[in-house]
Structures are given as structure tokens and as C-alpha cells.
Amino acid sequence: MSTSIQGAWLAADGLKHVLQEDLLLRGVESVNWHGMLALSTQRPVYSPWALDIWTAPQRAGITSIRNASDTLRAIQRNWSLYAADNFRRAGLIVQKLPPVKAAPLVFPTPAPASPLGAWTLLDTSTLLFSATKTSPFVNGAPEFVENRTDPPSRAYLKLWEACTRLGRWPAAGERCYDLGATPGGWTWALASLGAEVTAFDRAPLAPSVAAMPGVSFQQASAFGLDPKQLPAANWVFSDIIAYPQRLLRLTRAWIEAGQTKNIVLTVKFQGETDHETVAAFEAIPGGALAHLAHNKHELTFFWSQEAALLGVSPLSGTILP
């Protein structure tokens, strides 16, 4: 791009078109692509489909590997590379920069608090960088020390990432509902925190999860529940497969019932992206949407009663206003 780059959004694999559609709906009319990085002359706006948003991109001409590293080091210490091409040259620049310690997280652990910038090579002599970005992780993707033996599926990683992104998770003894829980990956993750988990599904949980302390199971459809008829919960979680509009009605029912303080729910899209329902979720006071590195063609919805009362986003520390 010959003009100034003001905004940069990193798309997840396979979702470039979805991010571009969403940006267009938010008024970002012209986007050029550098690999999975959407570049625009317009200032950055928040898009839930971006893994990471570079909030202050700058472009600089470079004359050498040393010149590139000196340019970045003069601004701050920690930098993460997004490499779309020029891989060898980019790798040599990385070697001249201080190492970024990105050890896998042991959940539950807060996200890194140290400032982390991002950079890429637009060509062999042009550096694009941003000292600030929305995600504290390299290219928006946290890595965890995985448990490969106990959970019945890898879905627990999505819940770990959601809670890490939120900056909070259920405390020991808090009551949680897991709607559409089977086989039990999220129930396993919640029970491992010491939470009291009631799992709802038409099919039974994996026996190893059902036997965990604090876990109870009710054979029922998530959509057939009346929240007002259930004891109040600290948290409601759901990774159920359903049409987005149905998930929107489910979410509104729980919020209107006043029977929970927090909601973490996956909004899954089948076929075309339902941008209208995305906007409806975003309009819920106290709510926010984000695309997690462990999401597919889906977004994660976060809501908290406290955020609704304060008129803020539950993800206010990690997204653009």
C-alpha cells in the first residue's frame, strides 16, 4: 500500500473472507492483505473476528538486518513476528532482537502483562510494526501445557483460552451450569478448578467426568430449561452446537432471568456467517464477542452482570473501545 497504514487485523486460518465482510460492515471499506494480515488506511476498529489487532501500525524503510532490529529495539523490548513471506530475512532480524519468553501457560494463570508489539516485513526493505496490539499473545494464540489423558475431548482448551482472555475463572465452590455438556470437556475443566458443576445434555457424560467430585448431571435439553426454575449460578457455560439465533434467544433468557453473574458461550456458524446475529450479541449490555485461537467458524460470547451494571465490556482490558 502506497499510503499510510492505519489499521491492521490478523485473521484466523480460513476466515479471511469473514473478517473482511465484518470490517466492511464496520466501515472499513478498503483492505489489502499481507498473508493473513488485513491492512487499511483507515484507523483500527474492533472486529471480533480478528485474532489480534495492531492498534498503532507504523511503516519504516530498512537498510539492513541490524537497522531493522535497531528500529524496533529503540521503541521497546518485546516484539513478536508475523511472517507472511521474506522468512529468512525475518528470521535473521528475530535473532537480533531480545528473546520473547512465551512458555506454555499452566492453567489457571493470568495472561502475560508485559507490553508486546508485533511486526512484519512487507518486503525486504519495508518494516511494518505496532508497539501495541489487543492480544498479549504472539499472533493472538496462547499455548497451554495440555492435559492429554484426563479430558474426554480437546474442547477444554477453548474454555481455558476463554477464561484466560476474560482474566477470570470459576473459584472453588462456585456453582456452574454447563449447557450441552457431553462428552464433558468443559465440565472436566470446570470441575478441575473445584467448581460445583451441573451438566445438562440429552446424552450422558463420559463416565470419568461424571465421577469427578462436584459434578452432577441432568438429562435435559439446554433449550428446554427454564432458568427461573433453577438455583442461581455464578457461571453459565455452553459450547453447544446450535443456530446462532437460537443461541441468542438462550442467552437473552438467562440474562433476563437474572439467575447468573457470568456467561461464556460459543456462537457457532453453519454455512454463511450470520452478521446480523453477531451485531445483536454485541448490542447486549455487558457483553462482548471475540474469536479465540481455538475457535473455528465461531465466536465466543462473554457477559457479566457487573459489566452490564457498569456499562463496560467484560473484555475491556483486551479490546478496542
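Helices (H or I, at least four residues) and strands (E, at least two) are DSSP runs, numbered from the N terminus. With that term in hand, let us work through some exercises together.

This is a predicted model, in which local features need pLDDT of at least 70, side-chain atom pairs count only at pLDDT 80 or more, and totals for chains, interfaces and linings use all residues. Residues are numbered from 1 along each chain as its sequence is written, and side-chain values use heavy atoms, with hydrogens and water left out.

**Exercise 1. The annotated stretch**

Task: Find what UniProt lists for residues 153-240, and describe how much helix and strand the chain has there.

Solution. Start with the record: an unreviewed UniProt entry gives these residues as "domain: Ribosomal RNA methyltransferase FtsJ". UniProt positions are in the numbering used here, feature names are shortened, and annotations may be inferred rather than shown by experiment. Next, turn to the model: residues 153-240 are 26% helix and 25% strand. Finally, look at the two ends of the stretch, whose C-alpha atoms lie 14 Å apart.

**Exercise 2. The seven-stranded sheet**

Task: Work out the order of the strands in the open sheet of seven, and then see which helices pack on it.

Solution. First, the rule for pairing: two strands pair if DSSP finds at least two bridges between them. Following the pairs gives the order 11-10-9-12-13-15-14, with mixed pairing. At the edges are strand 11 (215-219) and strand 14 (287-290), each paired on one side only. On average, neighbouring strands of this sheet are turned by 15° against each other, direction ignored. Such angles run from 0 to 180 degrees between N-to-C directions, using axes fitted as lines to C-alpha atoms, for helices over the stretch in contact.

Now zoom in on one pair. Strand 9 and strand 10 (residues 196-201) run parallel and are joined by five bridges. Within this pair, Leu-179 stands opposite Phe-200.

Then add the helices, taking contact to mean heavy atoms within 4.5 Å. Helix 5 packs on the sheet and touches strands 9, 10, 11, 12 and 13, with its direction at about 170° to that of strand 10. Helix 4 lies across strand 12 (233-238), strand 13 (260-268), strand 14 and strand 15 (298-304), and runs at about 45° to strand 15.

**Exercise 3. A covered strand**

Task: Decide whether the residues of strand 1 (residues 7-11) are buried or exposed, and say which strands it is joined to.

Solution. Set the scale first: buried means under 20% relative accessible area, exposed over 50%, and partly exposed in between (1.4 Å probe, protein chains only). On this scale, five of the five residues in strand 1 are buried. Next, sort them by direction: Gly-7, Trp-9 and Ala-11 point one way, and Ala-8 and Leu-10 the other. In a regular strand the side chains alternate between the two faces of the sheet.

Last, look for partners. Strand 1 runs antiparallel to strand 3 (residues 37-40), with four bridges, and Ala-8 stands opposite Leu-39 there. Four bridges also join strand 1 to strand 4 (residues 50-54), again antiparallel, where Leu-10 faces Asp-52.

**Exercise 4. The cores**

Task: Which residues have the most contacts inside the largest nonpolar core?

Solution. A nonpolar core is a set of buried Ala, Val, Leu, Ile, Met, Phe, Trp, Tyr and Cys residues joined through side-chain atoms within 4.5 Å. The largest has 88 residues, and Trp-160, Leu-179, Phe-237 and Phe-281 have the most contacts inside it. Helix 4 gives the most to this core, with seven residues. Leaving aside neighbours within four places in sequence, Phe-237 is in contact with residues including Leu-159, Cys-163, Leu-179 and Trp-186. A second, separate core of 14 residues includes Trp-79, Leu-97, Trp-119 and Leu-121.

**Exercise 5. Unusual backbone spots**

Task: Where are the two prolines Pro-108 and Pro-183 found, and what are the phi values of Asn-86 and Asn-139?

Solution. Take the prolines first. Phe-107 to Pro-108 is a cis peptide bond with omega near 0°, and Pro-108 sits in the loop between helix 3 (87-96) and strand 7 (117-123). Thr-182 to Pro-183 is also cis, with omega near 5°; Pro-183 is in the loop between strand 9 (175-179) and helix 5 (185-192).

Now the asparagines. Asn-86 has a positive phi of about 50° and is partly exposed at 23%. Asn-139 has a phi near 55° and is partly exposed at 22%.
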